[in-house]
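User: Please walk me through this model with a few questions and answers.

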Amino acid sequence: MAADVRTNDVQANVVEAGADIEAYRAQVRSFIAGRGVPMQGEGVRVPRDAEEEKAIRGWLRSLHEAGHLGAGWPAEWGGRAGHLPIHDLVLMEELIRGDAYRPLDQVMLAAHAIIEFGTDTQKRELLPRIRAGEHVWCQLFSEPEAGSDLASLRTRAEPDPDGDGYLVTGQKIWSTDAQWADMGLLLARTDPAAGRHAGLTAFVVPMGLPGLDVRPIREMTGYAEFCEVFLDGVRLGAEHVLGEVNSGWKVITSGLASERAFVGANAVQLERMFDDLVSLARTARLPDGSAALEHEDIQAKLADALARVEEVRLIVRDTVERILVDDEHPSDGPVAKLAYSETNVALTELAMEIIASAASIDAEGAEVADRWHHNFLWGRALTISGGASEIMRGLIGRQLLGLPRA
Amino acid sequence: MSMFVSASAAQPGAGVDAVLTTTVVDDVVTTDDVVALRDALRGALGTTRQDLAPAVDADWRTSWPMLAELGLPALCAPEEKDGFGLRADAAVAAATELGAALHGGPFAGLTASVHALAHAADDPVADALLAGVLTGRRVCAFGRLGRDGRVGQNERVARLVDGVPGADALLLLDDSRDDLVLLLDPADWTADPSRHRFDITRTCADVMPVAGRGHRVAVPGDAARRAVALYELLLAADAVGGVRRMLDRTVAYAGQRQAFGRPIGGFQAVQHRLADHAVRARGMTLVVAEAARRFDDEPSQTRRDVALASVSVSSGAPRLLHDLLQLTGGIGFTWEYGLHFYERRAHQDARLAANPRAAQRSLADVEGWTDGR
């Protein structure tokens with residue numbers, strides 16, 4: 001927290017790009033309007049049926065074709081001239097505002113790892129298929145015994161005695177989209193003797209290979225968004241290795257760093273949720289027939305919540321501005337993630353309090369209330385996954401405050 | 001003359017527009033003249049080392065002319081009245097430093113008064129006082145004649161006037177008549193400080209104007225509303241200054257203090273709470289900075305921004321400081337350590353503006369939640 005004085009040109013950068021950004025925003029907004037496939041709910045991504053899957057794949061393809069998704073890729077793989085990193089943020093914000101289906105792993109992680117570390121063959125085979133909506137990707141990282149402490153993972157990729165490839169055995173868990181993904185980005189241990197991070201290798205894995213079994217996990221929300229993936233002697237070739245053998249940690253962490261500005265979209269998400277919270281308070285009727293929103297105590301709680309949302313909006317904007325000029329502090333991401341995900345939980349808790357105090361909710365409100373029941377349960381996914389809040393606090397404690405490792 | 005003063009004086013009229021470079025200081029992107037002001041203030045206040053034990057300076061009036069020379073009273077006065085324009089960002093930076101230093105003066109009220117007085121039309125009395133305040137010779141506090149404050153037949157009272165005694169002029173907003181009453185001499189009022197002794201870093205009193213005294217000042221409604229908004233925003237900034245200084249100090253303490261063979265900051269029970277506080281402190285800082293940045297936007301936006309800042313800080317700062325006390329343990333519980341000065345002051349900052357409740361009500365209005373009835 002020591003006075004941190006740096007000279008930069010954040011404001012100049014933003015002002016200069018301002019006109020362009022707003023023009024791009026308008027373009028994206030009109031592209032999405034009436035065309036985007038709607039999300040079923042917060043975090044609900046898996047298509048309900050073949051028809052919806054077809055629609056989602058078509059939507060992802062059209063976002064690529066229009067130069068919105070994958071716009072920052074090298075030109076030879078379909079990137080768009082004139083693309084600015086902030087356009088990725090604008091796109092994500094507008095997808096959220098328009099309640100349109102948005103990509104997760106396939107663009108943010110796999111594509112960047114392939115672009116940065118892939119062989120020419122891998123790029124040629126894989127990148128066009130992402131753009132065409134033909135390949136949906138998932139991550140095969142976490143394991144039952146390796147969650148926040150990912151580097152302790154145990155899935156083994158051992159030399160194949162019958163060839164020059166690998167046999168992969170182990171269990172992965174919490175893989176989003178794995179039940180309908182075509183490809184997986186796998187992190188497995190290739191050198192058990194090396195250090196925790198040093199013996200890991202990244203692989204690109206066709207999800208249909210023999211020995212690979214995907215089992216969706218029914219979560220407390222009632223949906224099955226995460227999967228267990230069992231690998232029992234899955235045969236991979238040298239062509240499936242992404243990057244250098246035993247350099248997998250670098251491959252996946254550099255991918256995680258890509259499109260960092262997406263963190264900014266969380267602010268839009270929170271603002272949208274706050275509006276929905278006010279809608280809930282408008283439609284929830286207390287036993288005397290009045291709307292919850294008419295009451296000063298509810299208004300006071302909403303005002304407190306709005307101030308928290310504003311804090312997060314500014315924390316996130318601040319982070320994005322630094323990312324855009326490549327000047328972020330290592331703790332900026334954890335600060336933004338902790339602030340966003342915990343404030344999100346606070347909003348859902350207030351929603352539940354409002355619902356609990358309501359004697360009746362009209363037909364329109366019932367839909368809002370159902371959404372908040374789901375949001376309440378789903379909110380914990382955000383404070384647990386992608387680095388649990390406890391991990392974020394530890395990173396902030398060490399990297400921002402300079403405290404010793406706990 | 002400070003860098004802040006000379007930079008602006010060198011190019012009259014150009015003011016801040018001439019400043020192009022920006023810097024990030026304590027989470028806020030700011031202009032170099034504000035950085036210079038902050039550094040000059042820390043030098044003058046003796047708070048260059050923010051981790052040192054704080055002290056209360058009861059004799060703040062003696063050194064006030066020196067701080068005034070840095071430009072402090074003029075930050076929110078228009079240039080034609082020898083001010084710097086409406087530099088809410090600089091005023092927020094100054095209030096933050098004064099809060100961190102436990103300064104005894106009524107900076108929020110003084111700045112609000114200056115802004116209002118500077119908008120009085122053709123008023124030699126207001127102009128004369130303004131000139132005195134800008135040089136630091138005089139100190140004008142700010143208060144509100146309350147609707148509920150009728151004491152006798154004709155006597156009215158302004159509750160909770162920060163800086164009395166100490167100030168030698170008072171500008172009181174008369175809520176019932178929507179204008180301002182200027183009291184130019186301490187003989188023009190009687191003050192009762194007996195009920196306002198919790199915050200020992202500043203003085204505060206309930207004030208009763210002496211019958212027949214007082215000069216009515218007419219200012220445009222917009223200037224009066226902005227003066228109140230400034231007052232509330234600077235009180236929030238004052239508390240943020242205390243939060244940041246005490247958080248820095250607590251983090252330093254947690255990194256040094258050993259228990260069970262290791263620094264207590266290495267225990268998750270301590271470290272994780274400090275991390276949460278660091279995030280919250282950044283949030284408060286940025287919400288206050290945003291309200292300052294947009295301060296000359298249209299009035300409803302200003303009202304919303306100031307209410308958000310007030311809610312954020314008045315509900316967050318006292319709780320945060322109280323938890324820092326827990327994390328600092330027994331030493332924090334001593335008078336000498338001084339953490340309690342900031343707890344008292346942050347509470348008073350909230351109370352002076354009747355927050356968080358007043359700001360919550362204000363937000364409810366601005367957001368349209370009260371339209372239903």
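Analyst: First, a definition: axes are lines fitted to C-alpha atoms, for helices over the stretch in contact, and angles run from 0 to 180 degrees between N-to-C directions. Helices (H or I, at least four residues) and strands (E, at least two) are DSSP runs, numbered from the N terminus. This is a predicted model, where local features need pLDDT of at least 70 and side-chain atom pairs count only at pLDDT 80 or more, while totals for chains, interfaces and linings use all residues. Residues are numbered from 1 along each chain as its sequence is written, chains are lettered from A and ligands numbered from 1 in the order in which they are written, and side-chain values use heavy atoms, with hydrogens and water left out.

User: How is helix 8 of chain A oriented to helix 11 of chain B?

Analyst: Helix 8 covers residues 296-324 of chain A, and helix 11 covers residues 357-366 of chain B. Their axes lie 9 Å apart, at an angle of about 90°. Angles of 65 to 115 degrees count as roughly perpendicular (under 35 roughly parallel, over 145 roughly antiparallel, the rest oblique). So the two helices are roughly perpendicular.

User: Is strand 5 of chain A mostly buried or exposed?

Analyst: Buried means under 20% relative accessible area, exposed over 50%, partly exposed in between (1.4 Å probe, protein chains only). One side carries A:Met183, A:Leu185, A:Leu187 and A:Arg189, the other A:Gly184, A:Leu186 and A:Ala188. Seven of its seven residues are buried.

User: Which residue of strand 6 of chain A stands opposite A:Met183?

Analyst: Two strands pair if DSSP finds at least two bridges between them. Strands 5 and 6 of chain A pair antiparallel over seven bridges. Opposite A:Met183 stands A:Pro206.
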